[in-house]
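Visitor: I should be grateful for a close look at a single part of this structure, namely the open sheet. Please describe how the strands are arranged and what packs against them.

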Amino acid sequence: MNSLAPSPLLPEPRGGARIVLATLNAKYIHASLGLRYLLANMDTHGGAGLRAQTQLREFVIGQPETRMVEDLLALQPEVIGLGVYIWNVVETTQLVRLLKTLRPDIKIVLGGPEVSHEVGEQEICRLADHVITGWGDVSFPKLCRTLLKLPGGGPQPLMKVIAGEQPPLDELALPYNDYTAEDLAQRLLYVEASRGCPFKCEFCLSSLDKTAWAFDLDIFMAEMEALYRRGARNFKFVDRTFNLKIDNSVRILQFFLDRIAEAPDVFVHFEVVPDSLPDRLKELIAQFPDGALQFEVGIQSFNPEVQQRISRKQDNGKTADNLRWLVNESRAHVHADLIFGLPGETLQSFAEGFDRLHALAPHEIQFGVLKRLRGTPITRHTLEFAMAYDPHTPYTILQNSTVDFATMQRIKRFARYWDMVANSGRFALSLDLLLAPGSAFGHFLAFSDWLWQTTGKTHEFALEKLVDLLFAHLTQVRLLDHQRVCAALLADYQASGARGRPQCLAELLGGPQKTPSTAAEQHGARRQGRHLSQQQNLRVEIQKAAAAA
């Protein structure tokens, strides 16, 4: 035996990195823009040579923390920078605990919105060596140079909490070249033409920004062209106000419209101000084909008193007109947001706003419940409106002076069931029966209450079970005609591509399907059952991820 051959009992050698940038994404399909900004700027501002000593690692919520620790320690880092967000702070805290137990010598540096405010109240911040609040593009590389005793570092001794420097945008290296070929093919690409927001909506962290800052548009568009030429087809703009500067918006839309002519699979997601849609934008939007353009439209509330109370400026008339135009005159997918639990909003006033929005027929209504994001000015209403929040992430409102705890729980179930039924896209015809006539909110709340009382759960509903439950509610509670309900459910079920057998549709679907007996027949049946191609499935997942992110 060759004594120099590697033993199969020994681990494979892996390349090391003095610095590791890591985070836990909500799903694999998300790719961290923040980490890539840090990576792209490791050699800027006097830090030449630092990037070569840095590696990026992304994990997904639900992976065992011990496995993440194993992967990180295999790189033999001296510094680990972790991006901390509201959705990953619990898991990241455990990750830091394990790292500090096993390797207390490794310097742990935290950054991200979840640790940029109320630092002293958080266990994860106490465990870490340093916390950078705000922007980290310049401050993280500078801190690393100090920790590694390299030229260009900051002063000693180092503070535990470091206020991030905010350089002019033209001094930042852009991160888009750090999206890999795998990212381009399989993941949602986050891009930003601007940072910040001029509006002051108190539930949003962007309300802390002084204004919005735009990147140099020529440089940004060159980066988008490079991404496109490398094969990128799915772009999510994280700009809080994409249509704030119309000249820039027009140029960006025209860029993607031109690319669609040669690559019809281009998909772009924007967040837009709902009451500002001038004709120049409409003319371009109207030219986009189906499946290419998605708009996230933040409505949040149609109640003028609530809007004023939370410093939200919105012309409700123009908002309604623009939504109506987008739905009826364009082929864009419109995703509209509402928030329940804002100070002073009652169940009745919210129901009226929901019905008003539903009548405008956006493709999705994203119905969320208020969360108290750390650092947001919404806390100024806590005493006056008795706002009680869950102390654990995601800090959801529990009750306030106008909505008691029991009602808030009903609404949280409503939101879950609404996603499952209305936003799934699987019940288009059946939903029309459920929500009409009268108040769509009232009808769905009654269905939500009945579903909870009947099943006692909000998750893990098979599609076939959900079809049977909807049939039972429509026929036994709403007393609608059986034949009419079956016709709608059958059309929806068949359109979904599902191949099961809901009990209420068993006779209409015919006899039991033959079970393939041979391996070849089974393989053929599986292929036939794939009603969407892999690329189409990816597009659906990307649209959902873009809307939810």
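Guide: In this predicted model, six strands make up an open sheet, and their order is 7-10-11-12-13-14. The pairing is parallel. In general, the strands of a sheet pair through backbone hydrogen bonds, in either a parallel or an antiparallel manner. The edges are occupied by strand 7 (189-191) and strand 14 (364-369). Each of these has a single partner strand, so one side of each is left without a neighbour in the sheet. From one strand to the next, the twist averages 25 degrees.

Within the sheet, strand 12 (residues 293-300) pairs with strand 13 (residues 333-340) in the parallel sense, over six bridges. Opposite Glu 296 stands His 335 of strand 13. Helix 11 (residues 316-329) packs on the sheet and touches both strand 12 and strand 13. The direction of helix 11 makes about 155 degrees with that of strand 12. Strand 13 is also crossed by helix 13 (residues 405-421), which lies across strand 13 and strand 14. Relative to strand 14, helix 13 runs at about 150 degrees.

A helix pair may be added to this account. The axes of helix 14 (residues 428-435) and helix 17 (residues 482-496) come within 7 Å and cross at roughly 145 degrees. On helix 14, the residues in contact are Ala 428, Leu 429, Ser 430 and Leu 433; they meet Arg 484, Val 485, Ala 488, Leu 489, Ala 491 and Asp 492 of helix 17. Classified by residue type, the contact between helix 14 and helix 17 comprises seven nonpolar, one polar and two charged residues.

Methods
Residues numbered from 1 in each chain as written. Predicted model: local features only at pLDDT ≥ 70, side-chain atom pairs only at ≥ 80, totals over all residues. Heavy atoms only, no water. Axes fitted to C-alpha atoms, helices over the stretch in contact; angles between N-to-C directions. Helix = DSSP H or I, 4+ residues; strand = E, 2+ residues; numbered from the N terminus. Contact = heavy atoms within 4.5 Å. Nonpolar A, V, L, I, M, F, W, Y, C, P; charged D, E, K, R; others polar. Pairing = 2+ DSSP bridges.
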